[in-house]
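Visitor: I am new to this structure and would like to know what stands behind the labels used for it. Please show it to me first.

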Amino acid sequence: MRRVLSPELEAWRKEIRAFLDAELPPSHAFNVEFDDAPDRWETALEFSRKLASKGWIGLTWPVRYGGAGRSPLENQVLLEELAAADAPVVNSVGIFLAAGTILAGGSEEQKATLLPAISSMRTLWAEGLTEPEAGSDLGSLRTRAVRDGDDWVITGQKAFTSWGPMSDVLFVAARTSEEASTSGAISIFVVDLRSPGVTLHPMRNFGGGVQSTTFLDGVRVPGEALIGEEGKGWSYIMGAFYSSGTVEPIYSSQEARLQALLEHGDGAPEHGASASSDIAELALMVQAQRLLAYEVVGDNVQGRRTAYGGGVQQVIAKEYEPRFAQFFDRVLGPASQLTADAAGAPLGGAPEAWYRQSFANHAGGTSQLKRMVLATRGLGLPR
Amino acid sequence: MMDLIWGEDYDVLAEVSRAVFQRVSPLTDREISRDLADEIRELAELGWLELGDPRSAGSEAADLASMAAVFVELGRALVRSPLPALTTARDAALLCGSRAADDLAARAATGGVQVFPAFTDPAWRRPAPRLRDGVLTGTVLDVPYADAADVLLVEATENADTDEPVEVLIAVHRGPRMTIDPMPNLGGYRMSAVEFRETPVAEADVLARGPHARTALVGARQRTAILTAAQVYGAGSALLDRTVDYARERRQFGGPIGRFQAVQYLCTDIAVDAHLTSAFIRDAARIVDEGDDAGLAVALMCKQARRTAEQMVHAAHEVHAGIGFMVETDIHLFTKAAKKWVFDLGGCDERHDGVIHAEMRRQLIGARL
């Protein structure tokens, strides 16, 4: 089902696969979003550092900022292979959200110091956007940053902080103006998680891991902790989300799951119309996402702008992830509810975990939010 | 890497097609009526009866990803045209690979002889006509423009020297030993049931036999499916425009209904489905144009396009509500056309699911069902 790429990109794919064959830990099952088991975390961190030493973290960033200056297509292939191999790469907040923001608006000094620290895995970032009363609606942020001499003093509460206890710094969105709008009122800061006034309270989640509630109680940060310009946080975040030139290749890990499912069923005596129907549905979901992803990446590379192709990609990616997990139940039947420690759990109990984790599909905005964005920005419907 | 875009000549063909089809669109003039001979003459003059060559992967001929532009605009204007059927017959004839078939295709390209396909759609659950000792017997349903055809390109089976039926493609000239009965249908498409009553067939009119016939039929059907899906995409785009416009204008509860999320989601359903169909079309057309095995890509495309045809009209009716059910609005025109396309694309998922399942097993684990 994979798209045929140029010989150079296919050679690049082979190089990545060879690296993964050699370096991927034998027991690498690790949910990078949530897992906090110390031994698995150490394994993931060690693997991620090997990836960094190859120069494959921040692949598209300029070389002078610790990147490799490679193309978005090469990055897409890298991300596809990492996802297909279920490779435990940590620090996605730093690699995508923080780096995207720093590249878009950071000062030269910030780019020269913060980005190499990310690409070498020296600094791990936790996410500090969401608040108890501000999820997708960032305009409702209550966390405030107030100038005090050369410093800023930040006070507020953040919710669902992924990787909080394992990280070094927090990517914080804070209100620096009384304006109600998102444009012009929100600024981005990098906050050392060991600063006085920072407290993390663990919240266990349904996916099997931990996130945190993060309290910022008069946390004093230096002036250079402000990333980019004051009040431009919203546009930086949108840029980081939408202009990276790559698309999270969920389809690639889904195809690996589909392959595992087919192998699991291989040799079974019956493959009736019902099984074919379910497999075909899974295949359609994988291929639809892959086509839309390459459309978005191709458009970015060529400098084209589709009317709303990117919006469709986001809706589909959001909506297909839980549907994909649900379809495994249809194919595997009651055994799909068995946990990994149950005798006879199909595929080592992975479908049970996928199903639970698919409910984390709200991260970065729910499917409904993406549809509203498509309707209003893409189709021009009224708000 | 091949980009996921339409063909090189797509924009040029789209511009011309839009001008041609909008002139005769029922969305512009509901009462419009055209003489079939005039239509075919115009198609010939435009060069659209010889547009693209199914045998010419990588040649100078317009590729399928460009040709699709004509059919997208055909769908956008909801024009019921003989072009899709003429193209199917032409493609099948060219893919036969015989001198007689090439000659027939060449004459059809000028509009001088009207060749329409009489292929057996499994959805009707009827066997193909049988050729025995030079005599053709059987019935084909849903034959487009059969009443106006000079020649029907018939898919049949014969038991020549083996026990297993062999597929044949035959050029059958209109004659007395066939009956053509109209099949009135929801979309108002010109289709007929054609019964061959011991119709004599000369050996020279058997254009392809066995694997050659199979290759021609599979190739023509794949290309036809892509061009049918292109019409669905075009119609979906037009329906989306109308539905979004209506959602912005229609006021209820003190404001435009388009501000309600429930209405927004119905509009985004059409946008998402239409755009997905477009992505699958571009992928399948690219694979066909490169001469690679397009079985999986076409099956996935049919599955998505068929679903789009069904769902887009449902969503548009939901947004338009009562007024959409009135014939004074155009929504029902899309609904009628969509019904035909659903069956042209396979009628149900099952038609394609087996292909997709088998291909997935072959590609992902190297096994065959």
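Visitor: Why is B:Asp293 called exposed?

Guide: In this predicted model, the relative accessibility of B:Asp293 is 55%. Exposed means over 50%, so B:Asp293 counts as exposed.

Visitor: What makes B:Arg362 and B:Asp293 a salt bridge?

Guide: Their side chains meet at 3.9 Å, N to O. The rule asks for a side-chain nitrogen of Lys or Arg within 4 Å of a carboxyl oxygen of Asp or Glu, so the pair qualifies. B:Arg362 lies in helix α10 (residues 350-365) of chain B, and B:Asp293 in the loop between α7 (261-289) and α8 (295-324), so the pair ties together parts 69 residues apart in sequence.

Visitor: Why is B:Arg362 called partly exposed?

Guide: Its relative accessibility is 30%. Partly exposed lies between the cut-offs of 20% and 50%, so B:Arg362 gets that label.

Visitor: How do you know whether B:Glu158 is buried or exposed?

Guide: B:Glu158 has 8% relative accessibility. Buried means under 20%, so B:Glu158 counts as buried. B:Glu158 also forms a salt bridge with B:Arg209, at 2.4 Å from N to O. This pair links strand β4 (residues 151-158) of chain B, which holds B:Glu158, with strand β8 (residues 206-209) of chain B, which holds B:Arg209; the two residues are 51 residues apart.

Visitor: What makes B:Arg23 and B:Glu42 differ in their labels, buried or partly exposed?

Guide: B:Glu42 has a relative accessible area of 19%, and the limit for buried is under 20%, so B:Glu42 is buried. B:Arg23 stands at 48%, and exposed would need over 50%, so B:Arg23 counts as partly exposed. The two form a salt bridge, with the closest N and O atoms 2.8 Å apart. B:Arg23 is in helix α1 and B:Glu42 in helix α2 of chain B, 19 residues apart.

Visitor: How do you know that A:Arg371 and B:Asp269 form a salt bridge?

Guide: Their closest N and O atoms are 3.0 Å apart. The limit is within 4 Å, so the pair counts. The count between chain B and chain A is four salt bridges.

Visitor: Which element gives the largest share of the side of chain B that touches chain A?

Guide: Helix α7 of chain B does, with 15 residues. By class, that side has 23 nonpolar, nine polar and 13 charged residues.

Note on methods
Residues are numbered from 1 along each chain as its sequence is written. Chains are lettered from A and ligands numbered from 1 in the order in which they are written. This is a predicted model: local features need pLDDT of at least 70, side-chain atom pairs count only at pLDDT 80 or more; totals for chains, interfaces and linings use all residues. Side-chain values use heavy atoms; hydrogens and water are left out. Helices (H or I, at least four residues) and strands (E, at least two) are DSSP runs, numbered from the N terminus. Buried means under 20% relative accessible area, exposed over 50%, partly exposed in between (1.4 Å probe, protein chains only). Ala, Val, Leu, Ile, Met, Phe, Trp, Tyr, Cys and Pro count as nonpolar, Asp, Glu, Lys and Arg as charged, and the others, Gly among them, as polar.
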